Amino acid sequence: MNPAAVAPTSRVGELYTRLQGARARSEELFKIVRPAALYDRPIPERHRIIFYLGHLEAFDWNLLQEPLGLSSFDPDFDKLFSFGIDPVEGGLPTDQPEDWPSTDRVRDYNKRLRKELDAAILDGGAKDPSLARLEHGRLLEVAIEHRLMHAETLCYMLHQLPLDRKFSQPMAQPLPAPARGPSSVEIPAGTATLGLRRSQDGPFGWDNEFEEHRVEVPAFAIDTCNVTNRDFLRFVRDGGYERRTLWSDSGWEWITSQEHCYPSFWIPNGDSWCYRTMFVEISLPLDWPVYVSHDDASAYARWIGKELPSEAEWHRAACGTRSGVEHAYPWGAETPAARHGNFDFERWDPVPAGSYPEGVSEFGVADLVGNGWEWTRTPFAPFPGFQPFSFYPGYSANFFDGKHFVMKGGSPRTAACMLRRSFRNWFQPHYPYVYAKFRCVEH
Ligand SMILES: [Fe+2]
């Protein structure tokens with residue numbers, strides 16, 4: 001079926017348009033990679049880049065093929081490109097570039113797969129506008145958000161690729177550092193509503209976002225702005241990475257075994273520091289939020305006599321109000337827009353902390369959504385009433401192991417649709433490549 005024959009306002013038309021938009025996002029990333037670098041592995045714990053070229057399409061195919069009544073034309077590729085990896089016990093992948101198929105073969109697979117998938121989606125939507133076979137469109141939402149999540153995590157990976165292995169892209173103008181207000185604010189005791197209510201025609205959410213529930217949060221004080229590179233430099237200069245008492249057992253083991261002694265985006269330069277942005281090296285931008293691992297953030301918080309916020313405290317600071325009515329976003333109910341924060345692919349890199357006065361929460365806390373995810377001290381675990389997706393049972397459940405921590409908010413490379421307050425992200429505490437920042441709380 002010709003895509004033009006489907007009304008863009010129909011359910012299938014809207015989802016199909018969003019799928020095309022997500023594909024454009026992922027394609028623009030592969031264009032950054034110089035051809036010779038497609039078989040590089042910029043992050044030791046992850047697959048080579050070539051895997052992701054096939055994975056984004058194979059995932060959609062494995063998810064949608066059966067409900068759409070399609071037959072596999074390359075079962076080997078469907079399997080080869082099915083899942084990414086996240087080793088928790090330190091074992092690293094050992095495959096070699098020659099173990100992977102040529103880019104031409106992968107691109108041919110992708111091309112045929114998309115053609116078959118698109119025709120079946122549009123045809124299925126025309127015959128059954130309710131999209132019942134696709135779980136009323138939910139499977140397409142999974143495909144779209146899965147791809148957009150990879151559009152972000154691929155950026156983490158390409159960020160680590162040497163600059164001469166990628167093609168530079170246009171970059172937005174840097175922003176000047178704003179004047180800073182009070183450094184911390186009191187959040188009164190109150191209720192935080194976490195999660196989403198399960199309903200047939202409610203908004204889309206991943207399995208870990210359900211069920212909606214309320215948490216009573218005692219009063220606490222929270223930093224109004226994120227910890228910056230300037231702040232973190234004081235920690236480094238004060239020997240933060242050499243003080244055993246600031247680190248958890250596993251954190252200490254990690255930093256000593258890896259000789260990790262400064263944030264992974266920093267580059268030592270004699271007595272000073274440089275910083276690796278996505279496409280250039282610059283002097284350390286002191287006013288930008290520092291991007292660090294959960295271990296690094298926790299050690300800093302301990303050093304300063306504070307701690308990271310819990311997931312519920314993030315909700316209170318971001319969405320709570322004095323009246324008790326909770327907002328959808330820190331700035332209110334309005335759909336996320338460029339004036340609210342640094343997200344939705346507007347920039348490749350952070351901006352100075354506190355650059356978006358229109359995105360500040362009612363309690364006066366800046367950048368809770370955008371400019372980098374926010375680490376919390378909450379281990380990633382199911383909400384009461386959790387049910388895994390039948391079509392993707394391991395999406396969250398494989399990570400309920402006490403070895404991953406919840407992040408909230410969003411980064412410069414987080415798509416707007418995933419800035420909803422119920423969205424939960426998670427990573428291992430030592431993983432240093434995430435666009436993740438933090439702030440501290442006191443009780
Ligand atoms: Fe994936």
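These are my notebook entries on a few places I looked up in this predicted model.

**Entry 1: the iron site**

I started with the metal. Which protein atoms serve as donors of the iron ion? I found NE2 of His55, NE2 of His146 and NE2 of His150, lying 2.2 Å from the ion. Along the sequence, these donor residues follow the spacing H-x90-H-x3-H. The pair of His55 and His146 links distant parts of the chain, with the two positions 91 residues apart. I placed His55 in helix H2, residues 49–64, and His146 in helix H5, residues 138–159.

Next I checked accessibility for two of the donors. His55 has a relative accessibility of 3%, so I noted it as buried. His146 comes out at 5%, and because buried means under 20%, it gets that label as well.

**Entry 2: H2 against H4**

Staying with H2, I looked at how it packs on helix H4, residues 103–127. The axes are 10 Å apart and make an angle of about 25°. Angles under 35 degrees count as roughly parallel, so I wrote down H2 and H4 as roughly parallel to each other. For the hand of the crossing between H2 and H4, I noted left-handed.

Which residues make the contact? From H2 I listed Ile50, Leu53, Gly54, Glu57, Ala58, Asp60, Trp61 and Leu64. From H4 I listed Thr103, Val106, Arg107, Tyr109, Asn110, Leu113, Arg114, Glu116, Leu117 and Ile121. Sorted by character, the residues of this contact give 10 nonpolar, 3 polar and 5 charged.

**Entry 3: Gly69, past the end of H2**

I then moved to the loop between H2 and helix H3 (75–80), where Gly69 lies. Is Gly69 buried or exposed? Its relative accessible area is 55%, and because the cut-off for exposed is over 50%, I put Gly69 down as exposed. I also took a distance from here: the C-alpha atoms of Gly69 and Leu140 are separated by 15 Å, and the two residues are 71 apart along the chain.

**Entry 4: Thr224**

Thr224 sits in the loop between strand E4 (220–223) and helix H6 (229–237). Its relative accessible area is 7%, so Thr224 is buried. What does Thr224 touch, leaving aside neighbours within four places in sequence? I found contacts with Pro182, Ser183, Ser184 and Val185, with Gly364, Val365 and Ala366, and with Arg439.

**Entry 5: backbone oddities**

A reminder to myself before this last look: most residues other than glycine have a negative phi, and most peptide bonds are trans.

- The peptide bond joining Phe210 and Glu211 is cis, with omega about 0°. Glu211 belongs to the loop between strand E2 (190–194) and strand E3 (213–217).
- His136 has a positive phi, near 55°. I found His136 in the loop between H4 and H5. With a relative accessible area of 35%, His136 is partly exposed.
- Phe345 also has a positive phi, near 70°. Its place is the loop between helix H9 (311–319) and strand E8 (373–379). At 11% relative accessibility, Phe345 counts as buried.

**Entry 6: pointers for the viewer**

If you want to follow along, friend, start at the iron ion with its donors His55, His146 and His150. Then follow H2 to its contact with H4, and finish at the cis bond between Phe210 and Glu211.

Key:
Residues are numbered from 1 along each chain as its sequence is written. This is a predicted model: local features need pLDDT of at least 70, side-chain atom pairs count only at pLDDT 80 or more; totals for chains, interfaces and linings use all residues. Side-chain values use heavy atoms; hydrogens and water are left out. Donors are N, O and S atoms within 2.8 Å of the metal (3.2 Å for Na, K and Ca); water is not among the atoms, so sites may look incomplete. Helices (H or I, at least four residues) and strands (E, at least two) are DSSP runs, numbered from the N terminus. Buried means under 20% relative accessible area, exposed over 50%, partly exposed in between (1.4 Å probe, protein chains only). Axes are lines fitted to C-alpha atoms, for helices over the stretch in contact, and angles run from 0 to 180 degrees between N-to-C directions. Angles under 35 degrees count as roughly parallel, over 145 as roughly antiparallel, 65 to 115 as roughly perpendicular and the rest as oblique. A crossing is left-handed if the near helix is turned anticlockwise from the far one by less than a right angle, and right-handed if clockwise. Contact means heavy atoms within 4.5 Å. Ala, Val, Leu, Ile, Met, Phe, Trp, Tyr, Cys and Pro count as nonpolar, Asp, Glu, Lys and Arg as charged, and the others, Gly among them, as polar.
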